[in-house]
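Please open the model in your viewer and keep the selection panel at hand. The tour below moves from one selection to the next and says what is to be found at each stop.

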Amino acid sequence: MLRLTPVTKYLLIANVVVFLLFSVIPGGDMFGLHFFMAQNFHYYQLFTYMFMHANFQHIFFNMFALWMFGTVMENVWGGRKFLFYYISCGIGAGICQELAQFVQFYLIAQEQIPGFSLGMLNEVADNSAAILNMWTTVGASGAIYAVLLAFGMTFPNDSLFIFPIPFPIKAKWFVLFYVAIELFSAISTSTDGVAHFAHLGGMLIGFLMIRHWNNNPMGIDMDKGSRFFSNLKQQWDRHRQHVTSQGHGGARHDASHETDWQYNERKKQEEKEMDDILDKIRKSGYDSLTAEEKRKLFDFNNK
């Protein structure tokens with residue numbers, strides 16, 4: 001059985017708590033994602049809609065997939081990177097759904113209003129306020145589909161047993177099957193009340209993010225960055241211990257006319273500078289360093 005990882009656990013808890021809360025308390029509609037031209041739209045809904053679900057079946061299958069695939073991807077990426085991916089894809093899915101609804105609204109207005117033009121959209125939206133406020137999207141599905149995609153791209157040849165399919169199927173084919181189903185459903189004329197463009201949007205954002213990360217491996221591993229500077233600090237501490245163990249006797253850095261006292265003072269100053277640089281990285285990040293500080297850090301790392 002998969003061991004539940006921290007970020008996945010808290011996402012599961014947050015979704016379940018919100019679902020139970022708004023099952024008994026009215027007002028949850030304002031946290032679903034409304035069409036951006038509707039009166040009830042608010043920007044925060046691009047985040048909150050991910051934690052809203054329409055019914056038990058909706059949240060059950062989303063949370064089951066989050067547990068099944070999210071735990072694996074969090075173990076691979078680490079918590080911070082996984083959470084960044086999940087939230088980013090969820091917001092991206094919401095934006096894609098908004099764009100799809102805009103196109104739908106435009107086509108409906110063009111079909112029903114003689115002489116309709118783009119400049120008339122706001123007026124038509126005001127006159128259709130009651131209807132547009134009903135265009136609401138809820139659910140974590142966009143982010144979940146992105147996690148499913150991440151699993152398929154990371155473990156393409158792993159076999160999955162998916163009910164009711166009676167035989168194992170490789171992850172890459174499973175993902176492609178879902179993409180095909182969502183794409184067909186999105187472009188079909190039937191309306192089933194499912195935000196297919198949000199699902200596809202989450203997968204699209206996830207695909208672009210993973211491709212970018214794969215092409216820029218040095219710039220995306222947040223946990224690796226933290227480990228790098230922690231290792232650098234440990235290396236620096238070992239270096240200081242080594243220098244201290246040599247004593248403050250007659251050892252000299254070079255063959256100059258530097259006295260023992262001058263040598264020891266210079267070493268102390270270098271140690272203080274390096275400590276200050278590492279503290280600055282911990283507090284404000286590597287990019288906060290000046291060019292001179294980066295040079296000193298580079299010189300030390302290559303000793």
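Is Thr136 buried, partly exposed or exposed, and what is its relative accessible area? With a relative accessible area of 29%, Thr136 is partly exposed, because that value falls between the 20% and 50% limits used for this class. The model is a predicted one, and this applies to every stop that follows.

**First selection: strand E2 and its partners**

Select Thr136, which lies in strand E2 (residues 136-137), and then add His34 to the selection. These two residues are 102 residues apart in sequence, yet their C-alpha atoms are 4.5 Å apart in space. Not counting residues up to four places away in sequence, Thr136 touches Asp29, Gly32, Leu33 and His34.

**Next: helix H2**

Keep Gly32, Leu33 and His34 displayed and add Gln45, a residue of helix H2. Outside the residues up to four places away in sequence, Gln45 touches Met30, Phe31, Gly32, Leu33, His34 and Asn40. Gln45 counts as buried, because its relative accessibility is 0%. If you now colour the chain by pLDDT, helix H2 (residues 45-48) has the highest confidence in the protein chain, at 96, whereas helix H10 (residues 222-245) has the lowest, at a mean of 58. Residues 248-255 call for care as well, since the pLDDT there is below 50, although this stretch has 13 contacts in the model beyond near neighbours in sequence. Over the protein chain the average pLDDT is 81, and 77% of the residues score at least 70.

**Next: the nonpolar cores**

Select Leu66, Phe69, Trp77, Phe82, Tyr85 and Tyr86, which touch the most other members of the largest nonpolar core, a set of 48 residues. To see where this core draws its residues from, display helix H1 (6-24), helix H3 (56-77), helix H4 (79-112), helix H7 (141-154), helix H8 (171-187) and helix H9 (196-215), the elements that give two or more residues to it. Helix H7 gives the most to this core, with 9 residues. Another core, of 11 residues, lies apart from the largest one, and Phe35, Met37, Phe105 and Ala125 are among its members.

**Next: nonpolar side chains at the surface**

Turn to the surface and select Phe56, Phe60, Phe61 and Phe64, which make a nonpolar patch of about 450 Å². Phe60 belongs to helix H3, and with a relative accessible area of 41% it is partly exposed. Then move to Phe167, which is placed in the loop between strand E3 (159-160) and strand E4 (169-170). Phe167 is also partly exposed, with a relative accessible area of 48%, and apart from residues up to four places away in sequence it touches Leu160 and Phe161.

**Last: the whole chain**

Finally, select the entire protein chain, which has 12 helices and 4 strands. Of its 303 residues, 39% are buried. Among the contacts with a separation of 6 or more, 66% are accounted for by residues 24 or more positions apart. The chain exposes about 18,200 Å², of which carbon and sulfur atoms supply 63%.

How values were computed
Residues numbered from 1 in each chain as written. Predicted model: local features only at pLDDT ≥ 70, side-chain atom pairs only at ≥ 80, totals over all residues. Heavy atoms only, no water. Core = buried A, V, L, I, M, F, W, Y, C linked by side-chain atoms within 4.5 Å. Buried < 20%, exposed > 50% of the residue type's maximum accessible area, 1.4 Å probe, protein only. pLDDT = per-residue confidence, 0-100. Contact = heavy atoms within 4.5 Å. Patch = residues over 30% accessible without salt bridge, like charges linked within 9 Å, V, L, I, M, F, W, Y side chains within 5 Å. Areas by Shrake-Rupley, 256 points an atom, 1.4 Å probe, with all protein chains shown as cover. Salt bridge = Lys/Arg side-chain N within 4 Å of Asp/Glu carboxyl O.
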